[in-house]
Amino acid sequence: MSVKIDSGIRSPETATRPSPLEAYESRLSEVRAEISELVQRDNRFVRIRTAIFIAAVGLGILCIGESDLVSWWWMSVPVAAFLTLLPFHQRCVGRLTRARSLQAFHESRIARLHRVFGNDVADGKEFLTETHPWAQDLDVFGPGSLFQLLNECRTQPGRRYLASWMTTVPDAETIRVRQARTQGLRDSLPLRESLACVPSSADWERAESLLRTWVREPAQPVSWGVLIWSVTIGAIAVPILAMVAFEVMALRWLVLLVLLQTPAVIMTRRQILHTAKEMDDVDAALRQFSQVIELFEQHMADEPTIRDLQNRLHTETETASRAIRRLSKLTQWLNNSMRNQFFVPVAWACGLLVLLTHLLECWRRQFGADVEDWLETVACLEATLCVAGYSFDHPSDIFPEILDQQTEFSAKQLGHPLLKESVCVRNDIELTVDKPLMLISGSNMSGKSTFLRSIGASLVLTYCGSVVRASQYRTYPFQLGTAMRVSDSLQEGRSLFFSVVQRLKAVVDLTLGDRVVLFLLDEILHGTNSHDRRRGAEAVIRSLVERKSLGIVTTHDLALTRIADTMNGLAVNMHFEDTIVNGTMTFDYTLRDGVVERSNAIELMRMLGLDV
């Protein structure tokens with residue numbers, strides 16, 4: 001598939017649009033005004049319903065005390081008034097709930113624009129693994145992470161899909177397709193608002209297990225003989241139950257119906273119990289899933305790659321949203337038939353246990369083969385919309401140019417996406433086959449680690465098909481490997497140096513794969529003496545470069561900067577520095593040519609009150 005990607009240059013129309021902050025604040029102001037109006041309307045409904053209730057109680061007292069003067073039929077007036085008012089009040093409450101969801105959405109987006117992260121957005125920490133090549137070092141998951149910055153998913157499969165994008169390396173064409181889809185949904189703020197209004201569900205673990213495993217099992221519809229018997233008895237039971245309720249017939253007739261249904265239930269008990277176990281407490285998640293699907297089905301998209309995904313949500317007979325909604329309703333009925341002690345006798349007598357089990361098995365036979373594709377499609381659309389939302393929030397950022405064969409990483413004015421724009425200092429970077437290694441020296445807190453994370457985080461965003469914070473950006477889809485946050489482990493009996501070496505070994509092992517590695521090593525081999533550090537670091541770096549890898553190594557040990565002299569022109573020295581004026585240390589976080597000329601460790605210790 002060939003896709004065309006916008007280079008990031010904004011058209012005059014785009015340039016004249018309101019900023020994302022202005023758009024969110026304007027919409028938030030409208031929503032707050034709507035909430036204020038709906039709250040007042042809701043209060044009026046409550047007062048009216050209270051008055052109706054008081055009137056009904058008063059009429060009831062009159063009917064009891066003055067039955068010869070006041071008829072019980074008068075109670076129909078407040079009852080009719082209540083029933084007439086109820087749908088209007090419910091509509092008001094529904095609109096108020098939606099408006100409050102919209103308020104929370106826009107407040108969350110504004111907070112994230114200011115890089116303020118709350119607990120209202122999932123941070124993906126369940127997807128973090130300690131052995132991943134870059135996730136822990138680059139703040140991919142956890143509070144204040146890249147995942148939390150992007151995440152707007154309503155379903156667990158969507159969040160898992162987004163997490164997989166941030167932790168795996170796609171090929172160049174896959175990245176371009178993701179970029180095209182991101183552009184296609186970039187301005188879909190109404191869709192993002194609607195998605196934010198879909199109620200959350202905590203039952204996704206069981207629901208996803210149902211959708212991924214139950215549907216794969218062979219369907220087992222109830223045999224026709226048992227089904228016809230049960231449905232016939234159930235059809236007879238409906239009018240009899242009505243007559244029993246109005247005391248036209250004796251209760252023993254209901255008992256007789258239950259006994260007549262018992263053979264059908266016994267013959268299908270294994271199917272009923274198995275289906276009920278699989279369907280336990282998943283109807284809410286299924287209902288949420290159908291609502292999410294419906295939003296994507298109804299969205300009018302111009303981008304062909306988006307339409308291709310939407311087409312996968314249609315079968316020859318039905319849309320995915322209607323099919324999942326029907327599954328949710330059948331599941332809800334089955335749960336009520338098995339659990340609600342007041343409804344169980346009715347469900348048994350009417351044959352609902354047998355009928356619902358049969359209908360669920362028929363659903364599985366009809367749609368089971370499509371469910372896995374629906375899950376993947378909706379998860380992909382949710383993840384894409386998250387990336388599109390981030391791209392909408394950063395109109396001055398650009399889509400990276402993806403290189404197919406040329407192993408190069410170059411960027412101008414590259415900044416870290418998790419920093420506020422007002423404090424983000426940008427720098428240029430270029431790594432090529434001719435100059436694959438950059439050694440960065442600098443004093444403590446000068447910006448070395450942040451610069452490495454800027455490069456790594458921008459690559460993670462690139463994998464997702466997102467824009468990056470840069471004015472120019474070209475990259476090959478590298479296999480990323482980092483060694484930054486390394487610590488010892490008392491429980492596992494690991495020393496700091498052992499953990500460092502273990503992590504470096506993992507980065508070197510990545511070069512055995514098919515894809516070219518981009519390595520980011522922060523304070524390489526800290527935890528050992530200077531002599532061993534110099535010798536070990538040079539061996540590791542030389543091994544990585546000889547295996548055609550590109551990367552950056554930072555250090556505050558100036559002895560390591562001399563490694564560049566032994567690399568036959570393949571390495572370049574750069575540095576960050578600080579300035580001390582009148583006892584105050586300042587940093588400009590600007591990358592400069594050459595080796596840093598001094599360290600700030602002693603001065604920093606003095607500033608903190610140590611006598612050195």
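## Exercises on a predicted model

**Exercise 1.** Work out why helix H7 counts as largely enclosed by the rest of the structure.

*Solution.* Start with the extent of the helix: H7 covers residues 189-196. Next, apply the cut-off, by which a residue is buried under 20% relative accessible area. Leu-189, Leu-191, Arg-192, Glu-193, Ser-194, Leu-195 and Ala-196 pass this test. That makes seven of the eight residues of H7 buried, so the helix is largely enclosed by the rest of the structure. Please keep in mind that this is a predicted model.

**Exercise 2.** Decide whether Ser-328 is buried or exposed, and find what it touches.

*Solution.* First, place the residue: Ser-328 sits in helix H14, which runs over residues 320-339. Second, take its relative accessibility, which is 3%. Since buried means under 20%, Ser-328 counts as buried. Third, look for its neighbours, leaving out residues up to four places away in sequence: Ser-328 touches Asp-283, Leu-286 and Arg-287.

**Exercise 3.** Classify the ring pair of Tyr-24 and Phe-105, and say which helices the pair ties together.

*Solution.* The structure holds 15 aromatic pairs, so let us take one of them. The ring centres of Tyr-24 and Phe-105 are 6.5 Å apart, and the planes stand at 85°. Planes over 60 degrees apart count as edge-to-face, so the pair of Tyr-24 and Phe-105 is edge-to-face. Now place the partners: Tyr-24 belongs to helix H2 (residues 20-65) and Phe-105 to helix H3 (residues 76-113). The pair therefore ties together parts that are 81 residues apart in sequence. Both Tyr-24 and Phe-105 are buried. For a further look at rings, find the cluster in which ring pairs link Trp-214, Trp-363, Phe-367 and Trp-374.

**Exercise 4.** Explain why the protein is described as more spread out than a compact globule.

*Solution.* Begin with the inventory: the secondary structure comes to 20 helices and twelve strands. For 612 residues the globule rule gives 25 Å, but the radius of gyration is 32 Å, well over that value, so the protein is more spread out than a compact globule. Then turn to the C-alpha trace, which spans about 105 × 55 × 55 Å along its principal axes. Finally, add burial and contacts: buried residues make up 51% of the 612 residues. Among contacts between residues at least 6 apart in sequence, 79% join residues at least 24 apart.

**Exercise 5.** Describe the surface and the charges of the protein.

*Solution.* The exposed area is about 29800 Å², and carbon and sulfur atoms supply 57% of it. For the charges, take the mean positions of the 65 positive and 71 negative ones: they are 3 Å apart.

Key: Residues numbered from 1 in each chain as written. Predicted model: local features only at pLDDT ≥ 70, side-chain atom pairs only at ≥ 80, totals over all residues. Heavy atoms only, no water. Helix = DSSP H or I, 4+ residues; strand = E, 2+ residues; numbered from the N terminus. Rg over C-alpha atoms; globule rule 2.2 N^0.38 Å. Buried < 20%, exposed > 50% of the residue type's maximum accessible area, 1.4 Å probe, protein only. Contact = heavy atoms within 4.5 Å. Areas by Shrake-Rupley, 256 points an atom, 1.4 Å probe, with all protein chains shown as cover. Lys, Arg positive; Asp, Glu negative; His and termini not counted. Charge placed at Lys NZ, Arg CZ, Asp CG, Glu CD. Phe/Tyr/Trp six-rings, centres within 6.5 Å; stacked < 30°, edge-to-face > 60°.
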